[in-house]
Amino acid sequence: MDSSQLNHEAVMIESSLFLEPDKNAPSKHSGVKKDLKHIFFLIYLYLLQGVPLGLAASIPFLLATRKVSYADQGTFTFAFYPFSIKLLWAPIVDSCFFSRFGRRKSWLIPVQVLIGVFMIASANFAQSLAYNLNSKTDVVILTGIFTIFTFLAATQDIALDGWAISMLSKENVAWQSTCNGVGQTAGFFIGNISIIVFESAKFCNKYIRPFFNLPSQDSGIISLEKFMYAFGIVFLATAFLIMFKKELENQDPDDQSGGLIESYLNIKKLLSLKSIQKVALIFLTAKRA
């Protein structure tokens, strides 16, 4: 290679260092932008899913303030079990649906409606039980009410996880876990802290009402009944909006789930592993400790 060729190569290398980037070239964030509306939609649905879970987690605190025994508070922890064992009916949610209605919407819309209706219908009764427990039977009934909420939220989680995979483009599927973590945590915070903090008359009289020059009262600014009633309406309105959301088919033809029987056979093999049994035992008894 002669000196002229070397000089030419040097000029090309030097000029390439100062070339402006191609404005038409896709940026590393362009893939996220095309799914941005889906990401916010998923965060919102996961947020709603977290509200019943946070609400259920707030009940033991309400029971503690009313001098309910530790045994009765321990009984209420059974309300959280459906979310821990949702694997047992996940294959049914994934395999049974109305194709004309949509694989995920066949479950998501009815579950949203059931949560909304049940929240509104049980709001007054749940508050009277939580505020005036008189017997073991009252604790069992209250536990049963919130077990239903947790079961419905767990079923929603199964359907929504599946929908997220087909809703997001292939390169953005990893955002599903982010949507789940952000949305569900925010919903849990709203359902939990709103009741624990703003239901307390002491807290509201000390920090909230003086700020707005309001007189002290014997109750907080939010009650369990009002909270459940308000979010019941939100769930019903969201179910109506989901009806107009187009459900896309799975974009990866190789990602096809097996049949119902095959899914349960795989679960059986999984649960036969000693390590899985030990981990399951730990998680199922952790809240009872």
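Begin by selecting E171, which in this predicted model has a relative accessibility of 49% and therefore counts as partly exposed, since exposed residues must lie over 50%. Then add K34 to the selection: the side chains of K34 and E171 meet in a salt bridge, with 2.6 Å from N to O. The two partners come from distant parts of the chain, 137 residues apart, with K34 in the loop between helix 2 (30–33) and helix 3, and E171 in the loop between helix 8 and helix 9 (175–198).

The next stop is another pairing of this kind, and the structure holds 5 salt bridges. Select D72 and K136, which form a salt bridge whose closest N and O atoms are 3.0 Å apart. This pair also links distant parts of the chain, 64 residues apart, because D72 belongs to helix 4 (residues 70–76) while K136 belongs to helix 8. Is each partner buried or exposed? D72 counts as buried, at 12% relative accessibility, whereas K136 is exposed, with a relative accessible area of 54%.

Move on to D94 and R103, which form a salt bridge with the closest N and O atoms 3.2 Å apart; R103 counts as partly exposed, at 22% relative accessibility. If you add R104 to the selection, you have a network of salt bridges that links D94, R103 and R104.

Now leave the charged pairs and turn to the nonpolar side chains. Select L55, I59, L142, F146 and L224, which are the residues with the most contacts inside the largest nonpolar core, a set of 31 residues. The elements that give two or more residues to this core are helix 3 (36–65), helix 7 (105–131), helix 8 (136–167) and helix 11 (224–242). To see how one of these residues is surrounded, centre the view on F146, which touches L55, A56, I59, F76, A79 and A126, leaving aside residues up to four places away in sequence. A second, separate core has 16 residues, and Y46, L108, W163 and L168 are among them.

For the last stop, show helix 7 together with helix 11. How do these two helices pack? Their axes are 8 Å apart and the angle between helix 7 and helix 11 is about 170°, which means that helix 7 is roughly antiparallel to helix 11, a description used for angles over 145 degrees. If you colour the contact of helix 7 with helix 11 by residue class, there are 20 nonpolar, 7 polar and 2 charged residues to find.

Methods. Residues are numbered from 1 along each chain as its sequence is written. This is a predicted model: local features need pLDDT of at least 70, side-chain atom pairs count only at pLDDT 80 or more; totals for chains, interfaces and linings use all residues. Side-chain values use heavy atoms; hydrogens and water are left out. A nonpolar core is a set of buried Ala, Val, Leu, Ile, Met, Phe, Trp, Tyr and Cys residues joined through side-chain atoms within 4.5 Å. Buried means under 20% relative accessible area, exposed over 50%, partly exposed in between (1.4 Å probe, protein chains only). Helices (H or I, at least four residues) and strands (E, at least two) are DSSP runs, numbered from the N terminus. Contact means heavy atoms within 4.5 Å. A salt bridge is a side-chain nitrogen of Lys or Arg within 4 Å of a carboxyl oxygen of Asp or Glu. Axes are lines fitted to C-alpha atoms, for helices over the stretch in contact, and angles run from 0 to 180 degrees between N-to-C directions. Angles under 35 degrees count as roughly parallel, over 145 as roughly antiparallel, 65 to 115 as roughly perpendicular and the rest as oblique. Ala, Val, Leu, Ile, Met, Phe, Trp, Tyr, Cys and Pro count as nonpolar, Asp, Glu, Lys and Arg as charged, and the others, Gly among them, as polar.
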